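Good morning, everyone, and thank you for making room for this on the agenda. Please take a moment with the sequence and the model before I begin to talk you through them.

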Amino acid sequence: PTANQRGGRQGTLHCPRCGRRVSDAHGVCQHCGEVAFQCRSCRRFNYERLDAFLCVECGYCAFGEFSFRLKSEEAPDALAITTKAELEGARNRLADYADAARD
C-alpha cells in the first residue's frame with residue numbers, strides 16, 4: 001500500500017524531522033531515516049492506530065490545535081472558610097459539582 005492508502009489516511013505522509021514527503025510503505029523517510037508514524041512531540045508510536053488524531057501519550061495533535069481560556073473574578077459575596085469542617089464541606093461540594101459535570 002502507498003502512504004495514502006495506509007490506515008484510511010487521506011493526503012500525504014510527511015517526515016516529522018525534515019518535513020519531506022514519505023512514500024515508503026513502512027513510513028521510513030528516505031532522506032533522513034526517521035519513522036513518520038511517530039508522534040512529533042514525544043516520539044511515541046501508537047501501534048493500534050497509526051493515523052490517530054491525538055497522541056495517546058502526550059495529547060499532541062498533528063491535525064489541529066486545542067486552546068481554552070479561563071476567566072476568574074473576585075466573589076465579594078462568597079463566604080469565608082474559617083474552620084477545617086467548613087473546608088471539608090466545601091471540598092465535598094466541589095467534588096460533587098465535578099462529578100455532576102462529568103456525567
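Among contacts in the protein between residues at least 6 apart in sequence, what percentage join residues at least 24 apart? The figure is 13%, and I should say at once that what we are looking at is a predicted model.

Let me begin with the overall layout. The protein has one helix and two strands, and if you read along the sequence you meet them in the pattern β-β-α. Of the 103 residues in the protein, 17% are buried, while the accessible surface comes to about 8,700 Å², with 50% of that surface belonging to carbon and sulfur atoms.

Much of what I want to show you concerns the loop between strand E2, residues 21-22, and helix H1, residues 84-102, and leucine 50 is found in that loop. Leucine 50 has a relative accessible area of 37%, so we call this residue partly exposed. If you look for alanine 36, you will see that leucine 50 and alanine 36 are 14 residues apart in sequence and, from C-alpha to C-alpha, 9.6 Å apart in space.

Now to the charged side chains. As a reminder, side chains of opposite charge can pair when their charged atoms come close. In this model the count comes to six salt bridges, and I will go through some of them.

One of them joins arginine 43 to glutamate 34, with the closest N and O atoms 2.7 Å apart. Which of these partners is buried, and which is partly exposed? Glutamate 34 is buried, because its relative accessible area is 7% and the cut-off for buried is under 20%, whereas arginine 43, with a relative accessible area of 41%, is partly exposed. These two residues also belong to a network of salt bridges that links Arg17, Glu34 and Arg43.

Another salt bridge brings together the side chains of glutamate 57 and arginine 44, at 3.4 Å from N to O. Both glutamate 57 and arginine 44 are in the loop between E2 and H1, and they are 13 residues apart. Glutamate 57 counts as exposed at 55% relative accessibility, while arginine 44, with a relative accessible area of 35%, is partly exposed.

Glutamate 73 and lysine 71 also form a salt bridge, in which the closest N and O atoms are 3.5 Å apart, and here both residues are exposed.

Let me turn to the aromatic side chains, where the structure holds one aromatic pair. The rings of phenylalanine 45 and tyrosine 47 have centres 5.6 Å apart and planes at 20°, and because planes under 30 degrees apart count as stacked, the pair is described as stacked. Phenylalanine 45 is partly exposed, at 24% relative accessibility, and tyrosine 47 is exposed, at 68%.

Finally, I would like you to look at the surface itself. Which residues make the nonpolar surface patch of about 450 Å²? The patch is made by Phe53, Leu54, Phe63 and Phe66. Of these residues I will single out phenylalanine 53, which is found in the loop between E2 and H1 and which, at 45% relative accessibility, counts as partly exposed.

That is where I will stop, and I am happy to go back to any part of the model in the discussion.

Notes: Residues are numbered from 1 along each chain as its sequence is written. This is a predicted model: local features need pLDDT of at least 70, side-chain atom pairs count only at pLDDT 80 or more; totals for chains, interfaces and linings use all residues. Side-chain values use heavy atoms; hydrogens and water are left out. Rings of Phe, Tyr and Trp (its six-membered ring) pair if their centres lie within 6.5 Å; planes under 30 degrees apart count as stacked, over 60 as edge-to-face and the rest as tilted. Buried means under 20% relative accessible area, exposed over 50%, partly exposed in between (1.4 Å probe, protein chains only). Helices (H or I, at least four residues) and strands (E, at least two) are DSSP runs, numbered from the N terminus. A salt bridge is a side-chain nitrogen of Lys or Arg within 4 Å of a carboxyl oxygen of Asp or Glu. Patches are made of residues with over 30% relative accessible area and no salt bridge: like charges are joined within 9 Å, nonpolar side chains (Val, Leu, Ile, Met, Phe, Trp, Tyr) within 5 Å. Accessible areas come from the Shrake-Rupley method with a 1.4 Å probe; for residues, only the protein chains shown count as cover. Contact means heavy atoms within 4.5 Å.
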